[in-house]
Structures are given as structure tokens and as C-alpha cells.
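Got your viewer open? Let's take a short walk through this one, a selection at a time.

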Amino acid sequence: MNQLTTPAPTFFSERLSQLASALNPQKLLKMTIIPFVAILMFLLLWSAGASQVQTSLGVFPGPAKVWQQTQSLWQEHQAERVKEVAFYERLQKRIDKAVAAGKPEQKIERLRNRQYTGKETFIDQVLTSLITVATGFLLASLFAIPLGIIIGMNHTIYSAFNPIIQLLKPVSPLAWLPLVTMVVSAVYVSADPMFSKSFLTSAITVTLCCLWPTIINTAVGVAGVDKDLLNVSRVLRLGWFTKTVKIVLPSSIPMMFTGLRLSLSIGWMVLIAAEMLAQNPGLGKFVWDEFQNGSSNSLARIMVAVIAIGFIGFLLDRGMLSLQKIVSWDKNAILR
Amino acid sequence: MNKYLEIDHVSITFPTDNGPLNVLDGVNLKLDQGEFVTLIGHSGCGKSTVLNIVAGLLQASEGGVVLEAKEVNEPGPDRAVVFQHHSLMPWLSVYDNVRLAVDQVFKKTKSKQERHQWTLHNLELVHMEHALERKPDEISGGMKQRVGIARALAMEPKVLLMDEPFGALDSLTRTHMQDSLMEIQARLKNTVIMITHDVDEAVLLSDRIIMMTNGPSAKVGEILDIDLPRPRDRLALAENPTYNHYRAEVVRFLHERHLQKGLDQNDSSNEKEQAMPRDISDNEPHEPPVRLAS
């Protein structure tokens, strides 16, 4: 059946024409120059406005100060990495020495297990945040997608779940957090914990807030399968499983992804608040620590975090959008 | 003697917010094997309901459908349906849409290779072999309907049910589709029930035209046997007096129903409107058909 796939030459010529239309001067103006001018004006306004705001920690940071702090955060990160490398080099020397001196195996093992315990840098915190949100989001999706499918397929189950979902959906993450914290402390008791409690608390809070949009949108997608297509499946006498896999799931994928995208952006917002309060070493904790620190650089450093949070949130959403475009059959749908 | 397909005193009543609504009232129809029958009537007269009951998608409140001496009351591939709005899976290619049906119907009786050949064969039958890998969104309305027909034919149905299959197409495409359908019908000799609004289409394609009375409580009004030799050629028939006579018969029936519908509506919606002269008594709003079904 593969003899009919698009031949390579047409593919290239299509790409070429796409490129040509992208280089069309009017489009170029719209796509690059206008956003560039808008950002420039935003920076100017920010700069002008910030200098008017006097706080107890000095003048509100303008773009220049924030840029300077961005560089300084990056330098701190690199300095920390250098220290880490040096630490492991020293450690290796000690191990070699101990082995050469014929020290007992136990002592050498203890040395080997020693970890670098330097201060987390901004980049480490960004990574922690990403891992936490990914965990919470995946956990939520794992529950929400099957639940959404079941709810969407059966009207009775829908009416059973609907009031509960509607009630829990608007609950703020801050209300969940104390409960989650207590439950995690009570349930997750282990001598050698694989995850820290703060990580679990933050991830589970993200999960609790991520569940709802995915459940609701999946259920709506599943319930909204074209009647004609269901009639086709009845005429063909498709079994329950085949019907779900071949008809219900594919046709609800666009809605499912709408839900997943909403969930991920909510999850990212929730995460920052959860990390602040749970003291999970991520971006939320960074913001909180800088706030408590109260140095003359703190506001600028928080501003760096704000921009990073926004930028990462944007990238996460774009990532989900590209995924949605790949898996969605409805190529005509306008996704933005 | 039992006929191939019998629609036996079928009535159906739907519950609505304003009480039960009797849509069909004792519809009777018998079909021979290989017969091409069209149902014609005004909108809302229950043509689609008849088709859906034969398909098993709806259950008759009274009466039933007997196919080859067996009662049918659930959907199955032996009564394949071609829907008005193609109803192809938009995420599957043309080939995969037909293959889905073939795999389901012949999963035990045909090998993989045979199913592949059978899928291709049916798509060739409707002249769609050039677009196997296209998605439904990438082909025209007429082509989608061709694939829908191929999918239905691929199920090797005993009865092919078509619910206004060409209703959404432009007239030129419709003409092509009708010719294709006649060509396929000449080769395969399927038993077909087709719903249409188009008088020319009905006369051109059918062996018999079933004209239905207006709903609610619709029944078979008149049955018109179309005794024209096959193969039929639309250009030659345009001058043919018999063809034009049949055409006029159908138009006359529909026109009479239309007038009556107008009276019925005045009757129910505006009691005070008495200006219009009427020759139908108020006790009998549903005038019995001029010529009863045989």
C-alpha cells in the first residue's frame, strides 16, 4: 500500500514554496518586525515604569538589572559546576588512596556513596520544577484519560461523576496543599526514601489540579462521537473493544489534547505555588527564598524567575501543541 | 409465498415531550431479490425511519422485518447502509475505511491477502483506486460518497440501504453517481432500498417507486412499477413518453400531498383560518390514497 506515499520531489518543492512564501516581504514584516517592535516598546515602558517604583529593597528592577542578574545566575551555576567537578576529583583521590592503603571495603564503599551537597543553582531548580510538573502531569493523565473515556461512554456514570468533578474542579491548589502534605507525611514513611516528601507533595498537588480539564474534555470528546460513525460500528457489529479503539478514541483525540494542554498549563502555574509552600527545591522555592533573603538583588532575581516561568510555560504549551498537531487527524482545525 | 425481504405492518411511535408521536402506521412492503426500490415522499414523512428499521438501527413498535424468512431486529453487515453524509472515519484513508469493514465482516472467512484484494476490488468498482491513501478531507463530496458505497458493497450485503446518498451533491456529480450506481447494479444485482427526494433519480434508477403519505402516521401511499428496459440511458429516456408519464405520476402524487400538507398545517396551527375552501372533511385529515397499495 505504500506505493502511493508522496514522492520526495513534490515534498521538496512544497517545502521550497513554503520557504518562498515565508520570505515574502509583507509576511516577513508581519512575522518578525512587528513582534520585535512590540517587545522593544514593552521593554521601554517597563524600564520607564520600574524606575518610578521605590520599594524597601530599592528601585523596582528594570530590564537592564534583570539582564545583569540573569548573567550572574548563569555564572553562579557554572561556578557551582566547577566546584562539583573539583569535589568529585578530590573524592576519587581519597578513594584511590584508601584502596592503596588497604582500608576495609566498608569504609571505601562509604566514600564512594558520598554525594556533592553544594547549593542548588537556578538551573538545577528549573530542572527540579520540570521533573516535578512532568511527574504530576503524567500521573494525572494516567488517571484522567481512562476515567474521561469511561465517563464519556456511559450516561449513567457521567451523571454520577459530574457533580463531584464540578465541585472539585475550582478548588485552589493552596487548599489541597496542607491536606496533601499531611497525607504524604503519614503514608510515605520509608527509611530510605526514593523521593523527598516535598517533591511528592508538590507533584501530587499538581496532579489534583491537572485531573479536571483532561477528564472533562476527554469525556466531552468521547460523548460527542459522530452518531453516524457509531451507526457504522453497529452495522459492522464491532465489538466493544474494537469500537473504542477504532472509532471512539481516534475521534476524541482532538478534545483529549485540548484537555491535556489546559491541564499542563494549569499544572505549571500550580506548581510554583506548591513549591513555595512545600519547599520543593524548584522555581517556587527560588522565588520564596529570594523574597525572604531580601538583598538588593532579590527583586531582579525574582524577575528572572518570572520570565523563566513564563518562557517555560510557553514552551510546554508549544510542545503539547506540536504533539497535538502530529496525532490529530483533523488537519483543518485551527490550533493556536 | 415468502418474498426476499418483507416489511410487515411496521409501526413506530416515539415518546416526545408532547406525548407519543406515531411516525409510521402499518407500513407494508415486499421486495424480490435483486429489486431496486426507491422511497419517495415529503420531508419528515418517515422515509429514513423505514430505512433505519430495516437496518435494525431502530426497533419497530409493532410489526417487523423479515429477510430470507428470518426476522431481523438488530443491525448487521447483511443490511449495509450508505448514509447521507458519507460517515467515513476522517482519520482513516480511503483504503483503510473500506478495509475496516472488510476485516470485520470477513475476518474468519478470508485470508489477509484475500481481504486486501477484496478491498481493492470494491474500490475499483466505484472508480476510486487512484486515491487509496487519501483521507476523506482531501477528496470531494462525490468521491466520499463513492467510498461510502464501496464500503457498503464490500460487506456483501443481502440488502443495500441508501439514505439519500446523493442528496448533498451538486447535480452534475449526482448524475455521474447515478450512472455509476446503475452500472454497479447491473453487474452485482443487489437488492436495494434507496431514499430520494429527486423524482428523476427515482424513475431512472428504480424497478418500483414507493410513494409515502405525509407524516405523522405515514404509510405507503402508492406504488408505481417502472417498466422501462435496462440498461437505461438518461438522454434517450428524456424523450421517452413512458418515462415522462412515470415522472408525471410521481410529481402528481407529491403535489397532491403537498396541497394536503398545506391544509393539514392550517388545520392544526390556525383554527380560525377558514377562508380556504376545503373539500376534505375535518374528520378525515389524512385522505386515503387515490390508489391503494396492491
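Start by selecting chain B: of its 294 residues, 39% count as buried. Keep in mind as you click around that this is a predicted model. Colour chain B by secondary structure and you should find 8 helices and 10 strands. If you like contact maps, try one here: among the contacts in chain B with a separation of 6 or more, 70% come from residues 24 or more positions apart.

Next, pick out the four-stranded sheet of chain B. In what order do the strands run? It's an open sheet, ordered 2-1-4-5, with antiparallel pairing. Its edges are strand 2 (19–31) and strand 5 (70–72) of chain B, each pairing on one side only. Neighbouring strands are turned against each other by 35° on average, ignoring direction.

Zoom in on the strand 5 edge. Strand 4 (residues 62–67) of chain B pairs with strand 5 of chain B over 3 bridges, in the antiparallel sense. Show Val65(B) and you'll see its bridge partner in strand 5, Val72(B).

Now add helix 1 (residues 47–55) of chain B. This helix lies across strand 1 (5–16), strand 2 and strand 4 of chain B, and runs at about 115° to strand 1.

Last stop: hop over to chain A and select helix 11 (residues 283–293). Which of its residues are buried? They are Leu283(A), Gly284(A), Lys285(A), Phe286(A), Val287(A) and Glu290(A). To see what covers them, show helix 5 (122–153), helix 10 (240–278) and helix 12 (298–327) of chain A, which are included in that cover. Then step past the end of helix 11 of chain A to Gly294(A), where phi is positive, near 65°.

Key. Residues are numbered from 1 along each chain as its sequence is written. Chains are lettered from A and ligands numbered from 1 in the order in which they are written. This is a predicted model: local features need pLDDT of at least 70, side-chain atom pairs count only at pLDDT 80 or more; totals for chains, interfaces and linings use all residues. A residue is buried if 20 or more other C-beta atoms lie within 10 Å of its own, exposed if 12 or fewer, and partly exposed in between; C-beta atoms are placed from the backbone. Helices (H or I, at least four residues) and strands (E, at least two) are DSSP runs, numbered from the N terminus. Two residues are in contact if their C-beta atoms, placed from the backbone, lie within 7 Å. Two strands pair if DSSP finds at least two bridges between them. Axes are lines fitted to C-alpha atoms, for helices over the stretch in contact, and angles run from 0 to 180 degrees between N-to-C directions.
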